[in-house]
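Open your viewer, switch to a cartoon view and get ready to click through a few stops. At each one, you will be told what to select and what is there.

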Amino acid sequence: MFVLVRFLFERSLVNAFEYYPLHDFGPLMKGLVIGGLGIFHVFLAQFAIGGGMLMCYFQWLGQSGRDRLGVMRRFVDDYFKYLVLISFVMGALTGVGMWFTSIQISPRTIGLMVHEFHWLWATEWTFFCLEVVAGYTFFRYGKRLPDPLRLKLLVAYSTAAWFSLFWINGILSWQLTPGTWTESRDVWDGFFNPSFWPSLFFRTIVCMVIAALAACVVINTMPLPSEVRRRLIFHASHFLLPMVLMPVLGVWFVAVLPADSRQWVLGGSVAITLFMNVAVGASSLIAGYAVIGLYWQRLTINGATATLLLVLAFGATAGGEFVREGVRKPFTVRQTLYSNSMTPTQITQFRETGSVTHDPYPLLNADRYPNDQVRLGAKVFRLQCSICHTEHGVNGLVHLAGTWTDSQRRMNIAKLQHTKNFMPPFAGPPAEVEALVQWLDWLVNHEPSEWPVSDNPEVRQQIAKWLEEASDY
Amino acid sequence: MDVLFPFGFPWPTALYLTLYVATLTLHMLLMHYVLAGSAWVAGSSLFTGFKSSPTRPSKIIKLLQDWLPFALGGAITAGVAPLLFVQILYQREFYTANLLLFHRWMSILPVLIVAFYLLYLQKSKWLEQRHPQLRPIVWLAIVSCFGFVGYSWTENHLLSLQSQDVWTDFFADREVFFSTIQILPRLSIWFAGAFSTLCAILAWQVHVHRGETAIDLREEAADKSLAVRTLSRVAMASIALTLLATCVYGTLLEKEIVQVLFSGLSWPYFAFALSGWIVQFAVWWNLSKVGTTSRTSSIILTTTVVMTAMSLNVLREAIRLSQVDLGALQTQHAEAASVGGFGVFAFFLVVNSLVVAWLIRSVATSK
């Protein structure tokens, strides 16, 4: 039954392979564009979620007789202004921006995600609506409302905000660990996947940390006596304490990763291990300062230090998101869609028909190339490689493969998933491998106006043999 | 197709079309408030902003200045759902148009961010303390931003309706703008129509708004009467101009598309839209005479505005459906509908709507 479901699913994807007009981002790697915006959006969204929880806590402190200094209401109102101005504006628009950017970078990937999870995204939207109504109502009328109603609004706001995390977390973690979904194609198998819970708990703590650090910055902008400031910072530091659970959740997350993904984190990839260490190091510094300094020794914190810690938290978020994106390689959806948005079945098909044979979009600068073979290579690069590589810029192929011999290039490209196991298999016949090799050689040789066509049958046969040896995907 | 929209389609297509039209209508009402509201304040500030003596802002202007940031936040949030359903309904077409317009399309995001912050800026004390002539400049910038976003959406939509050959040429020629004779009349319909929606919403606001600082009740009543008469005039002009723009647009459509509009698929919606405008015009005519709104008049206006907006959105879809490969799309819709999760969406749509209503009621009765 599962085999049949998978077969039908893949067949529908093969039939639905759409060619889209792909743009060149120059020296900028496409993955960096979506990654950069993603990190910024995640940070703002997590601030909005944690901010709601923090305000609930302060409002509760204020109305339950624990506010001896009588400043909690005022702080909540001031903090909410920042939340509205930063999160409601930038957070909302960068969220929409993530969709638009995903379309620009990898339309087939976002298309599959929308196809599989549109009802859950629609569910998330109902929580957005609740979040915006509760948030703006509090922003507009909160000062005039009695405490119990203020708390109700804040609880509604923060619950809705947290549920938006709940839904999107399931979709993002599915990309990395789809679990039994790969067999059953059941939406709930995909949603409640192996990394769903550790990721959800971890992100919830991150939300609390960002909110608390932002609170420390806001408290320092308020003209308050030092005793009041110290008290507010002490209460905010309570939201930093769950950081002590982060190592456990981090280990849980790494443990549920597929073995090959786990090895990237544990030294298999220098870049990913490095970013992992940046995230862990930054988080440890924040946790140490928070638990020992702010909570245990009840130190205060000035605006500059609070801002520095917030920047560190941003760095940790960036590191963590880079790791999450990186360990997915060579997939955008594990075992389903490779990072160049092709399925295993499509790769088999393209090895027969050619990957760009039916691409209706011409090269934008076709006259730049000396012959049709190099043009074909440029088109293959655009479809299969340009999502992660550039010509000369970030992750540029000239830097990575410029020193290889032609023979090396032929074998390494034909057996791409063996050359580097975070690369997808090559999706084309020998002619496309050779075209890509010639295009690369032409680039390495500074783009001369004349370039010979390579049409040696023995070379083609050798490439075909290598492709055959690398058909285990 | 001669069966009334959306009943003649297979149920998955009908479901997604219905959800798309319903959520787009919600987005459109808020978007109309933002677009027409900012244009109104910009026009008014241009008129009064360069006078040497400061003028007291009218009730309508005060309401708009106060509520526009929330309306924009609401419009963006409401826009997420139709943005989702359009990706199910017309994925290839929508993605291709997005990609073809590339950075020109993506620029709507920073433009919206700028507009959002300018809306908060115009409420700030900082701007109040600056030179009075700065205010109309800020408002012109705001309305320009929204105009650009509206233009970009219309352009994107029309580009998505083109054939593969047009897309290939557009890409090969490195075009940045998609020019077609339909853009201006379509924009005119939306822009002119936005004012009648705005007036209907403002009628509610004028009706329930008591003024936070007004002590002189006679002044408050005079303000209200003036506001209602102004709204009536603007709304009637808006309806007339929308009808005119619709007629102009109709003359530009191909014969086959006009036939679709008058087929069993969509002519009842054409009739709904037209009757909605007629009723609205009649209500506004009456309000311009009496100078005051009532709950009944506001309910009639709201109902007919929603009816007209929804009907126009159905007509918009009828035009699109006549230009796309419906057979291929219906297969994709059926595949999408086989994915689970609809029950959860329906459940939380109801629950969260009830919570929203409860919160609003709690705050309204508490005040």
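In what handedness of crossing does helix 3 of chain A pass helix 3 of chain B? The crossing is left-handed, a word used when the near helix is turned anticlockwise from the far one by less than a right angle, with clockwise giving right-handed. Helices here are DSSP runs of H or I with at least four residues, strands are runs of E with at least two, and both are numbered from the N terminus.

Before going on, note that this is a predicted model, in which local features need pLDDT of at least 70 and side-chain atom pairs count only at pLDDT 80 or more, while totals for chains, interfaces and linings use all residues. Residues are numbered from 1 along each chain as its sequence is written, and chains are lettered from A and ligands numbered from 1 in the order in which they are written.

**Stop 1: the crossing helices**

Select residues 72–105 of chain A, which form helix 3 of that chain, and residues 91–106 of chain B, which form helix 3 of chain B. Two packed helices are described by the angle between their axes and the distance between the axes. Here the axes come within 9 Å and cross at roughly 115°; axes are lines fitted to C-alpha atoms, for helices over the stretch in contact, and angles run from 0 to 180 degrees between N-to-C directions. Helix 3 of chain A and helix 3 of chain B are therefore roughly perpendicular (65 to 115 degrees; under 35 is roughly parallel, over 145 roughly antiparallel, and the rest oblique).

Now show side chains. From chain A, A:Phe100, A:Ile103 and A:Gln104 make the contact, and from chain B, B:Tyr95, B:Asn98, B:Leu99 and B:Met106. Residues are in contact if their C-beta atoms, placed from the backbone, lie within 7 Å. This contact has 5 nonpolar, 2 polar and no charged residues. Nonpolar covers Ala, Val, Leu, Ile, Met, Phe, Trp, Tyr, Cys and Pro, charged covers Asp, Glu, Lys and Arg, and the others, Gly among them, are polar.

**Stop 2: a residue in helix 3 of chain B**

Click on B:Phe102, which lies in helix 3 of chain B. Its phi is positive, about 45°, although it is not a glycine. B:Phe102 is partly exposed, with 16 other C-beta atoms within 10 Å (20 or more means buried, 12 or fewer exposed, and in between partly exposed, with C-beta atoms placed from the backbone).

**Stop 3: the whole interface**

Widen the selection to both chains: 51 residues of chain B are in contact with 54 residues of chain A. Helix 14 of chain B gives the most to its side, with 13 residues. By class, the chain B side has 33 nonpolar, 14 polar and 4 charged residues.

**Stop 4: chain A by itself**

Hide chain B. Chain A has 20 helices and 2 strands, and 52% of its 473 residues count as buried. Colour domain 1 (21–334) and domain 2 (342–469) of chain A, with bounds from an automatic or database domain assignment. Their centres, taken over C-alpha atoms, are separated by 40 Å. The contact takes 15 residues from domain 1 and 16 residues from domain 2.

**Stop 5: two backbone details**

Where is A:Arg185 found? Look in the loop between helix 6 (181–184) and helix 7 (187–191) of chain A. A:Arg185 has phi near 60°, positive in a residue other than glycine. Last, select A:Lys329 and A:Pro330: the peptide bond from A:Lys329 to A:Pro330 is cis, with omega near 5°.

Note on methods
Contact = placed C-beta atoms within 7 Å.
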